[in-house]
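Got your viewer open? Here is a short tour, stop by stop, with a selection to make at each one.

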Number of protein chains: 2
Amino acid sequence: MLDFWYEFGSTYSYLSAMRIGDLTREAGVSVRWRPFLLGPILKRLGWNTSPFKVQQEKGRYMVRDMERICAERGLAFTMPETFPQNGLHAARIAIVASDEGWAETFTKAVYLAEYAKGREIADKDVLADCLKAAGRDVDAYFARMSEPETKERLKVQTDEAMALDIFGAPTFITVDGEMFWGDDRLERAIAWAQR
Amino acid sequence: MLDFWYEFGSTYSYLSAMRIGDLTREAGVSVRWRPFLLGPILKRLGWNTSPFKVQQEKGRYMVRDMERICAERGLAFTMPETFPQNGLHAARIAIVASDEGWAETFTKAVYLAEYAKGREIADKDVLADCLKAAGRDVDAYFARMSEPETKERLKVQTDEAMALDIFGAPTFITVDGEMFWGDDRLERAIAWAQR
């Protein structure tokens, strides 16, 4: 079993979301999809935005690195005008989706909207399209998204990420507590989970 | 041709220094060994230490990540008590070594002292051992290290790194200006250089 911690504001989480399902199925490892918010974690460092904005040179490099890797993997990549985007609503729906077993389809739809098409995932029309892509009733899950229990679930999950010393996304954690950070560590994380 | 930009305070640069020579010789790509100082670059962000100290959770993770990768590659790893170490003198000698064509042996000796044995590379005895490992006369190169021209060479090289938007180490840059950051991008950098 492997915990996949991801944040919708994270470009490299897009890379992992698009392949972790297939890679883990091939490896016979199950995945828990665990959306969380990186914002409250980075705020402790005094950062109110993405590390790619704090270090602008790193941000420019990240875009080029994403372009190259997406080209290698046949994935579309469009850097959205707003970065990082507000993924709060998407994360709330994703946590419900995770509880109900459809996180993979929904999460991939959100990342594709955001980083393949450059759409605004804070926009309700975009989220509605992602729910439809996952075969869900839009109104029903917009209602779930706004329930106090859902908000609390995401808050608790983000607190758990913080307690686990997660500092970035994507992060993979095995049952025995081994942490792997970054899409470039995904293969190692799966191999560790298989042992 | 590939420029290999490295900093002695960087653990991941150790990983690349130990393999870039062999990998590029196999690939028929030449390497320029380009030591520089990351300190002045990070200072622009208001950081007076390693990013692994700024983000302590990331620092703890980095140690574990290094342990795992070194184990995979059969490399020794000992996290030095002082981190990051002061690599100023080592970098000055390395830039002379680079001009004279013995940067690979010297650089590997310094990284092995620092991260395989956990020794203090600011210590002159340690640097003397590294010079001996590279078959050089210790007194002659200690003298070269302290010359104003050597100090200036390192300053100019660090300014060049800054002008290139280098924000971390190791960084690899191809002749056509493609940048790759991190030991996990070394294979891609070499493949790009081969095109």
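## Stop one: where the chains meet

Select chain A and chain B and look across their interface: the rule finds 14 salt bridges there. Keep in mind as you click around that this is a predicted model. For one of those bridges, pick R64(B) and E178(A), whose side chains come together at 2.7 Å, N to O.

Now color by chain-A elements. On the side of chain A that touches chain B, α5 (56–73), β4 (179–181) and α11 (186–194) each supply at least two residues. The biggest giver is α5(A), with nine residues. Recolor that side by class and you get 12 nonpolar, one polar and 13 charged residues.

Zoom out to take in the whole contact, which draws 26 residues from chain A and 26 residues from chain B. About 2700 Å² is buried between the two chains, 49% of it on carbon and sulfur atoms. If you turn on polar contacts, the count between chain A and chain B is 18 residue pairs, both partners at pLDDT 80 or more.

## Stop two: the axis

Next, superpose the chains. A turn of 180° with a shift of 0.0 Å along the axis lays chain A on chain B, at an RMSD of 0.0 Å. That is how a two-fold axis relates its copies. Which residue of chain A comes closest to the rotation axis? Select D184(A): its C-alpha sits 3.6 Å away. Both copies use the same surface, with 100% of chain A's contact residues recurring in chain B.

## Stop three: helix α8 of chain A

Go to residues 124–133 of chain A, which form α8, and show side chains: V126(A), L127(A), A128(A), C130(A) and L131(A) are buried. What do the buried residues of α8(A) pack against? Add α6 (88–100), α7 (103–116) and α9 (138–145) of chain A to the selection, and you have their packing partners.

Then check both ends. At the start of α8(A), a side-chain oxygen of D123(A) reaches to within 2.8 Å of the backbone nitrogen of D125(A). Just past the helix, G135(A) has a positive phi of about 70°.

## Stop four: a serine in chain B

Finish by jumping to S10(B), in the loop between β1 (2–6) and α1 (11–17) of chain B. Is S10(B) buried or exposed? With a relative accessible area of 8%, S10(B) is buried. Show what surrounds it: setting aside neighbours within four places in sequence, S10(B) is in contact with Y111(B), Y115(B), A169(B) and P170(B).

Key:
Residues are numbered from 1 along each chain as its sequence is written. Chains are lettered from A and ligands numbered from 1 in the order in which they are written. Side-chain values use heavy atoms; hydrogens and water are left out. Contact means heavy atoms within 4.5 Å. Buried area is the accessible area (1.4 Å probe) that two parts lose on being put together, summed over both. A salt bridge is a side-chain nitrogen of Lys or Arg within 4 Å of a carboxyl oxygen of Asp or Glu. A polar contact is a pair of N or O atoms within 3.5 Å; within protein, one must be able to donate a hydrogen and the other to accept it, and residues adjacent in sequence count only if both atoms are side-chain atoms. Helices (H or I, at least four residues) and strands (E, at least two) are DSSP runs, numbered from the N terminus. Ala, Val, Leu, Ile, Met, Phe, Trp, Tyr, Cys and Pro count as nonpolar, Asp, Glu, Lys and Arg as charged, and the others, Gly among them, as polar. Buried means under 20% relative accessible area, exposed over 50%, partly exposed in between (1.4 Å probe, protein chains only). Copies are superposed by least squares on the C-alpha atoms of residues with pLDDT of at least 70 in both.
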